[in-house]
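Reader: I am new to this structure and would be grateful for a close look at a single part of it. Please describe one strand and its partners, and then turn to the aromatic rings.

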Amino acid sequence: MNTPDRAHARLPAPTAAAIAVVLALPFAARAQDATLPSVLIQGTRSVMERNQSPMTNESVTAARIADTVNAMTAEDALKYLPDILIRRRFIGDTQAPMATRTTGINASARSLIYADGILLSTLVNNNNQNGSPQWFMVAPDEIARVDVLYGPFAAAYPGNSYGAVTEITTRMPKQFEGSVKLSGASQRFSQVGTSDRYPSAQASLNLGNRTGDVSWWFGVNHLSSFSQPVTYLTINQSAAAAPASAPVAGGAFADRNRNGAPILVLGAGNLTHTVQDSAKLKLAYDISPALTAAYTLGYWQNKAEAASQSYLTTGSGAPYYGGTGSVNIGGNAYSAATIGGLFSSNTIEQERWMQALSLRSKNAGAWNWEAVATRFDYGKDITRTSTGAYPGARTGGPGRVTDAGDTRWTTLDVKGLWDQPDSGTHSVSFGAHHDAYQLASPTYNVSDWLAGGIPAGNGALFSDSRGKTRTQALWGQDVWRLAPDLSLTLGGRYEWWRAYAGFNYATAANGAAFPINQPEVSYDGFSPKLTLIWQAAPQWSVGTSLGKALRFPTVGELYQNVQTGQTFTQANPFLKPEKVLAGEVALEHKTANGKLRVSVFEEHVSDSLISQTATLPGVALPVSFVQNVDKTRQRGIELAAERKDVLVKGLELSGSATYVDARITANGSYVPTAAGASSVGKRTPYVPEWRATAVATYKPDERWAYTLAARYSSRLYATVDNTDVNPATYQGFEGYVVMDTRVRYRFDRHWSGAAGIDNLNDRNYFLFHPFPQRTLYAELKYDF
């Protein structure tokens with residue numbers, strides 16, 4: 001086996017130190033008072049309560065995250081919430097979209113993620129690459145709570161909410177506070193021809209205070225992480241006999257691709273080392289007892305390097321990376337040049353700037369209002385990729401450089417609320433919204449991919465994709481208390497959307513250039529909402545919701561052409577918006593010790609925007625493209641429950657199970673990919689039939705918390721005709737059961753430590769990419 005040029009096996013010193021300290025926890029408890037000093041815990045109201053959002057919701061608090069989740073990044077906090085999957089391939093993954101009960105992991109624009117009203121969703125695209133949320137702008141330790149709201153039933157949110165809305169609320173201090181935390185992880189990975197250990201280390205510092213009318217919070221975070229292989233390098237098996245003169249290469253692994261065709265796995269790709277730093281400052285000033293101004297400034301940078309690993313060896317045992325002519329693998333002939341084109345290295349340099357300014361009233365009377373403006377800038381986003389022969393390409397040579405640094409978006413929201421909860425029968429909220437998105441991603445051919453300049457001073461333009469979108473909206477909602485135990489929420493949202501300034505540039509194999517100015521498109525429409533809630537008894541409620549939504553195409557779906565590894569993505573400027581009609585009936589039982597919810601839901605989507613990847617005649621690379629599928633229908637049932645003090649004091653159980661029957665019901669644009677293939681009646685891509693979670697936490701006292709958790713998903717399909725019949729391979733989507741465990745110990749009111757394991761059962765599975773295997777975690781934290 002040949003390893004890429006990277007560090008292996010040895011843990012970074014901070015990781016090893018953290019693990020050593022935490023493993024010593026059971027022996028570190030000295031003879032002390034059995035109870036900890038009392039600590040004041042102030043609860044934070046959920047977003048649903050604050051905004052009177054008529055949506056099914058689930059929440060997790062900072063305390064529960066600390067007890068139950070091996071969290072090194074913000075998205076980990078959602079790990080056990082019902083019907084939520086974050087496709088995080090490794091610690092520090094910047095391409096980690098959120099999937100929900102009716103939307104898949106390649107549809108990032110079908111859900112929304114906010115942090116204190118700041119949009120973290122990257123609505124410049126709808127994929128699991130440059131459309132992935134900006135989770136890294138939130139540190140796990142600043143989270144006060146996470147609320148997930150399901151379905152497009154609140155007029156305050158755009159149609160992208162039809163999957164779910166995640167609202168992250170972060171802390172602002174009431175007095176001086178701070179913390180220092182050291183975290184580490186180590187994954188043992190063994191699959192195909194790769195077997196190694198991949199470590200991660202993280203350090204964070206947070207400080208905050210409130211003095212008079214001013215409060216502030218400041219945090220910094222550093223992360224260094226190594227990934228397992230993110231891709232595999234494959235080639236179709238050949239039936240042609242190798243000529244006697246062809247050199248022989250061994251070490252290939254025979255497999256079948258997701259469609260069942262025979263392939264060879266020749267190596268691993270994108271073994272990544274990422275180093276990330278972030279800093280955030282939050283300021284708040286009480287202008288008066290009834291008015292607060294707040295400002296947030298966030299910065300993040302990432303430097304990542306990725307390399308390939310060859311499984312092939314020559315007769316002398318040297319690694320083989322391709323060449324010219326034919327090569328003999330297993331007695332059959334293969335193109336050495338084609339094999340050589342599979343191997344590459346790349347580097348990424350990224351910077352992000354996030355700003356938000358808000359004004360919020362805090363009147364004791366009926367009227368309140370708020371205004372929030374945000375801006376997100378890609379200060380730098382440069383990807384360098386080698387195209388020359390390996391392994392020499394690791395140190396330079398020809399390549400391509402993509403610069404997405406001119407990508408940005410801004411949002412503006414103004415909202416008013418009139419409410420008289422004691423005497424009134426109506427609670428009215430209304431608002432206006434504006435957003436603007438800009439995408440730019442020129443790619444240049446350069447003579448030296450490691451040193452080539454930006455812009456084209458050291459190379460010629462190879463391709464370019466640019467475009468802008470703008471959305472404006474007015475919305476209103478009235479919560480009408482028909483009776484003490486009956487409320488009706490009526491709402492509506494009208495939106496005006498426009499896509500413009502679309503431009504594509506492509507270079508053909510013969511060097512010919514094809515610049516195209518794409519047409520401008522616009523749509524507008526109204527989305528009504530209705531929710532009826534009956535409080536049938538003090539502990540029982542029944543809610544019925546209906547809602548329509550419009551999900552407009554993103555800039556990337558309309559205008560971005562890009563090659564990612566061995567796949568070419570083709571834009572489509574003529575896409576129509578998705579039109580969603582959704583309904584839900586939820587029965588909920590709540591007590592002081594727990595709750596039980598059963599939801600029945602159904603969703604119909606017209607002109608569903610679904611990404612497909614196929615091999616087209618005359619095109620060398622697989623092509624990924626987005627098409628409007630005429631109609632899809634998703635219906636299902638969801639059970640979620642939690643209970644404290646089960647059988648014994650301190651034992652808390654929670655879990656969820658969801659069944660979804662997701663089908664394509666009409667698809668007039670389908671082009672068969674195989675004889676007899678059809679898409680109508682097939683499962684909607686990327687939506688599994690079953691998904692479940694289970695968490696058991698035992699807290700025998702104030703110091704210890706023991707957690708055992710499980711995550712389950714059935715297999716899913718990635719194609720509209722469900723021809724990907726083999727999920728247990730690279731680019732397939734397998735079902736899985738993954739067990740996690742965590743033990744947390746509080747030494748005193750300042751010191752705490754934890755150790756845990758994700759994928760305790762060492763499940764080996766694919767969600768297109770090979771996913772992490774058994775991973776050890778440890779952390780040590782000091783709270784001031």
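Author: In this predicted model, the hairpin of β24 and β25 has 5 residues between the strands, and within it G511 takes a positive phi near 95 degrees. The two strands of this hairpin are antiparallel and share 5 bridges. Strand β25 covers residues 513-517, and its residue N517 stands opposite F503.

Strand β24, residues 486-507, also pairs with β23, residues 459-483. That pairing is antiparallel and extends over 19 bridges. Here the connection is a hairpin of 2 residues, and one of the bridges sets V479 against T489 of β24. A further antiparallel partner of β24 is strand β26, residues 521-537, joined to it by 14 bridges. In this pairing S487 has I533 of β26 as its bridge partner. In a regular strand, side chains alternate between the two faces of the sheet.

The aromatic rings may be taken next. A pair of such rings is described by the distance of the centres and the angle of the planes. A search of the whole structure finds 29 aromatic pairs. One of them is formed by Y299 and W353, whose centres are 4.6 Å apart and whose planes stand at 50 degrees, a tilted arrangement. Y299 belongs to strand β14 (residues 291-310) and W353 to strand β17 (residues 346-361), so this pair ties together parts that are 54 residues apart in sequence. With a relative accessibility of 37%, W353 counts as partly exposed.

The pair of W704 and Y706 is stacked, because the ring centres lie 5.5 Å apart and the planes meet at 10 degrees, where stacking requires planes under 30 degrees apart. W704 has 18% relative accessibility and therefore counts as buried, whereas Y706, at 35%, counts as partly exposed. The cut-off that places W704 among buried residues is 20% relative accessible area.

Ring pairs also build a cluster, which links Y232, Y686, Y730, F733, F766 and F768.

Finally, charged side chains are found over rings. The charged end of R400 sits over the ring of F462, at 3.7 Å from its centre. F462 falls within the residue range of β23, 459-483, the strand already described as a partner of β24. Likewise, R715 lies over the face of Y717, with a distance of 3.9 Å to the ring centre.

Technical notes
Residues are numbered from 1 along each chain as its sequence is written. This is a predicted model: local features need pLDDT of at least 70, side-chain atom pairs count only at pLDDT 80 or more; totals for chains, interfaces and linings use all residues. Side-chain values use heavy atoms; hydrogens and water are left out. Rings of Phe, Tyr and Trp (its six-membered ring) pair if their centres lie within 6.5 Å; planes under 30 degrees apart count as stacked, over 60 as edge-to-face and the rest as tilted. Helices (H or I, at least four residues) and strands (E, at least two) are DSSP runs, numbered from the N terminus. Buried means under 20% relative accessible area, exposed over 50%, partly exposed in between (1.4 Å probe, protein chains only). A charge sits over a ring if NZ of Lys or CZ of Arg is within 6 Å of the ring centre and within 35 degrees of the ring normal. Two strands pair if DSSP finds at least two bridges between them.
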